[in-house]
Amino acid sequence: LLDIGTGTGYFPGYMKKKGFNVFGVEIDPKASEAASNKFGFNVYSPAEFLAGGVPGKFDIITLWHVLEHLDDFDLYLKKMLEQLEKDGTLVIALPNCSAFDARFYKEFWAGYDVPRHLWHFTPSTLKLVAEKHGLTVKKMKRLPLDPFYNAMLSEKYRGNKLYMFAGLIIGKLAYLESLLSLKKSSSVVYFLQR
């Protein structure tokens, strides 16, 4: 498993305990060192990854809320496909700017996270990106806690002192809408294959 945007390594560390041979890619040197020291796997810089410095092919490549941060996501996707096994799975989690909470909060929606989020996706636009790279969306899942987190943070951005209470209410509405349509989830996890 290759985890892009490893941070301090808790997800790949958990997967290592489950028996996976894991590697990470992380831009922050301190986070890379912490992940490597705590969980005992190799973490590479984005420059090393793009230059082909991560050895081998991978059954699974994961990006948990990372693709929207990449200045040239097409370049990264090309490199990921070079390192993904033929029958491998690319797992990408993204905020969904067509979600109820995005429509409700508009410019205050926490999922926009400007300027850190350079790109904004919906299930339809992610499908187009996938197809451009010869990938198919095989499955989608919701991240059930994200509407609550996004709503609370969005309420805080609006200056609401009762942001936790209001966020729980709007988060619940957003979650309920996602039960009616997965494509309206606050965050969506996409499972892509060739």
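Eight helices and seven strands make up the secondary structure of this chain. The model is predicted.

Start with overall form. The chain has 194 residues, and a compact globule with that number would have a radius of gyration near 16 Å. The chain has 17 Å, which agrees. Along the principal axes, its C-alpha trace spans about 50 × 35 × 30 Å. Of the 194 residues, 47% count as buried. Contacts reach far along the sequence. Among those with a separation of 6 or more, 71% join residues 24 or more positions apart.

Now the surface. The accessible area of the chain comes to about 10,300 Å². Carbon and sulfur atoms hold 59% of that area. The chain carries 25 positive and 20 negative side chains. The centres of these two sets lie 6 Å apart.

Turn to the interior. The largest nonpolar core has 30 residues. Those with the most contacts inside this core are Leu2, Ile4, Ile61, Leu63, Leu67, Met80 and Leu90. Several elements each supply at least two core residues: strand 1 (2-4), strand 2 (23-25), strand 4, helix 4, strand 5 (84-95), helix 6 and strand 7 (187-193). Helix 4 gives the most, with five residues.

Leu2 offers a way into this core. Leaving aside residues up to four places away in sequence, Leu2 touches Phe23, Gly24 and Val25. Leu2 also touches Phe49, Val54 and Phe58. Ile60, Ile61 and Thr62 complete its list of contacts.

Next, the backbone. Most residues other than glycine have a negative phi, and most peptide bonds are trans. Three sites in the loops deserve a look against that background.

His65 lies in the loop between strand 4 (58-64) and helix 4 (73-83). Its phi is positive, near 55°, though the residue is not glycine. His65 counts as partly exposed because its relative accessibility is 26%, and the partly exposed class lies between 20% and 50%.

Lys106 sits in the loop between helix 5 and helix 6. Phi of Lys106 is also positive, near 50°, again in a residue other than glycine. Lys106 has 52% relative accessibility, so this residue counts as exposed; the cut-off is over 50%.

Pro115 belongs to the loop between helix 5 (100-105) and helix 6 (123-132). The peptide bond from Val114 to Pro115 is cis, with omega near 10°. The loop between helix 5 and helix 6 thus holds both Lys106 and Pro115.

Technical notes: Residues numbered from 1 in each chain as written. Predicted model: local features only at pLDDT ≥ 70, side-chain atom pairs only at ≥ 80, totals over all residues. Heavy atoms only, no water. Helix = DSSP H or I, 4+ residues; strand = E, 2+ residues; numbered from the N terminus. Buried < 20%, exposed > 50% of the residue type's maximum accessible area, 1.4 Å probe, protein only. Rg over C-alpha atoms; globule rule 2.2 N^0.38 Å. Contact = heavy atoms within 4.5 Å. Areas by Shrake-Rupley, 256 points an atom, 1.4 Å probe, with all protein chains shown as cover. Lys, Arg positive; Asp, Glu negative; His and termini not counted. Charge placed at Lys NZ, Arg CZ, Asp CG, Glu CD. Core = buried A, V, L, I, M, F, W, Y, C linked by side-chain atoms within 4.5 Å.
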